[in-house]
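Welcome to my notebook. I went through this structure one topic at a time and wrote down what I looked up.

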Amino acid sequence: MAKKWKHLLGFRCTCCGNCCREPIVLVTDQDIKRIMKHTDQEAKDIVNFYKPSEIEWSKSKPGWIKFKKGRRIMGLRRNEDGCQYLGSDEMCKIYEHRPITCRRYPYNVEFNGKGQVDFLSISDSVECPYELDGENDPEEIKALCDWEEEEENPYNDLVDKWNESEKSKGKKQFLKYLGFD
Ligand code: SF4
Ligand code: SF4
């Protein structure tokens, strides 16, 4: 039976910039390291810590960090126009070094028992005026998802360990804990 999602492999971004303006992009310590290498920014200027009221990210999902002021989640720092790396030409200023989430976007992917793409959809988190005259390789999409998982899992483990500590701590200490002075 033909897979109903196959046509979505033709996704082509029209560079409208909506997905860089609207959502908060969650990042890991590895994303920060890559960005730091290619900018002169410190970790504290790359990220921000967002309150549950600022993001549609369930409290039951991983990544919430326990601070003395309450739970926060780490994402790319934004300015009044959205992501701080979105240029006035709607292009990403750190494209080669952007977080993995940005690379995998807008695909949501499910895999079968053999690790093959079983289902694929286009995120509807923002209005995305895409075209379907492109070409995307499911193997490349899978490799991105694997990469994302390889970095997210250890990061979430670090967050869990941090959260287990009873000490009352703040954002500066958290970045230090991740290895950023
Ligand atoms: S890092 Fe680049 S691709 Fe990711 S949200 Fe920001 S501008 Fe967009
Ligand atoms: S919202 Fe869709 S079309 Fe617009 S920049 Fe993002 S992926 Fe591309």
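**Entry 1: contacts along the chain**

I began with contacts whose partners have a separation of 6 or more, and found that 70% of those in the protein come from residues 24 or more positions apart. A word of caution for myself: this is a predicted model. I then looked up burial, and buried residues make up 19% of the 181 residues.

**Entry 2: the overall build**

Next I listed the secondary structure, which comes to 6 helices and 7 strands. Reading from the N terminus, I wrote the order down as α-α-α-β-β-β-β-β-α-β-β-α-α. The radius of gyration is 17 Å, close to the 16 Å that the globule rule gives for 181 residues, so the protein is as compact as a globular protein of that length. I also noted the span of the C-alpha trace along its principal axes, about 55 × 40 × 30 Å.

**Entry 3: a sheet of three strands**

In which order do the 3 strands of the open sheet stand? I found β1-β3-β2, with antiparallel pairing. Both β1 and β2 are at the edges and have a single partner strand each, so one side of each is left without a neighbour in the sheet. On average, neighbouring strands here are turned by 45° against each other, direction ignored.

I then took the pairings one by one. Strand β1 covers residues 47-50 and is joined to β3 by 4 bridges, the two running antiparallel. Within that pairing, I saw Val47 opposite Leu76 of β3, and Asn48 has Gly75 of β3 as its bridge partner.

On to β2, residues 65-67, which runs antiparallel to β3 and is joined to it by 3 bridges. Here Ile65 stands opposite Arg72 in β3. The connection from β2 to β3 is a hairpin through 2 residues.

Is β3 mostly covered or mostly open? I counted it as mostly covered, since 5 of the 7 residues in this strand (residues 70-76) are buried.

**Entry 4: around ligand 1**

Which residues surround ligand 1? My list has Cys20, Val25, Leu76, Cys83, Tyr85, Leu86, Cys92, Ile94, Arg98, Pro99 and Cys102. I was pleased to meet Leu76 again, the residue of β3 that stands opposite Val47. By kind, the shell around ligand 1 divides into 10 nonpolar residues, no polar ones and 1 charged.

**Entry 5: around ligand 2**

For ligand 2, I wrote down a stretch of neighbours made up of Cys13, Thr14, Cys15, Cys16, Gly17, Asn18 and Cys19, and the shell also includes Pro106, Val126, Cys128, Pro129 and Tyr130. This shell holds 9 nonpolar residues, 3 polar ones and no charged ones.

Two residues of this shell got a second look. Cys15 is found in the segment before α1, and its phi is positive, about 60°, although Cys15 is not a glycine. Is Cys15 buried or exposed? With 12 C-beta neighbours inside 10 Å, it counts as exposed, because the cut-off for exposed is 12 or fewer.

Pro106 was my other stop. I found Pro106 in the loop between α4 (100-104) and β6 (107-111). A cis peptide bond joins Tyr105 to Pro106, with omega at about 10°.

**Entry 6: another positive phi**

Glu90 also caught my eye, with a positive phi of about 70° although it is not a glycine. I placed Glu90 in the loop between β5 (82-83) and α4. Glu90 has 13 other C-beta atoms within 10 Å and is partly exposed. That follows because partly exposed covers counts between the exposed limit of 12 or fewer and the buried limit of 20 or more.

**Entry 7: Leu8**

I finished with Leu8, whose place is in the segment before α1 (18-21). With 18 other C-beta atoms within 10 Å, Leu8 is partly exposed. What does Leu8 touch, not counting residues up to four places away in sequence? I found Leu120, Ser121 and Ile122.

Lastly I checked Leu8 against Glu164, which is 156 residues apart from it along the chain. The C-alpha atoms of Leu8 and Glu164 are separated by 42 Å.

Conventions: Residues are numbered from 1 along each chain as its sequence is written. Chains are lettered from A and ligands numbered from 1 in the order in which they are written. This is a predicted model: local features need pLDDT of at least 70, side-chain atom pairs count only at pLDDT 80 or more; totals for chains, interfaces and linings use all residues. A residue is near a molecule or strand if its C-beta atom, placed from the backbone, lies within 6 Å of it. Ala, Val, Leu, Ile, Met, Phe, Trp, Tyr, Cys and Pro count as nonpolar, Asp, Glu, Lys and Arg as charged, and the others, Gly among them, as polar. Two strands pair if DSSP finds at least two bridges between them. The radius of gyration is taken over C-alpha atoms; the globule rule is 2.2 Å times the number of residues to the power 0.38. Two residues are in contact if their C-beta atoms, placed from the backbone, lie within 7 Å. Axes are lines fitted to C-alpha atoms, for helices over the stretch in contact, and angles run from 0 to 180 degrees between N-to-C directions.
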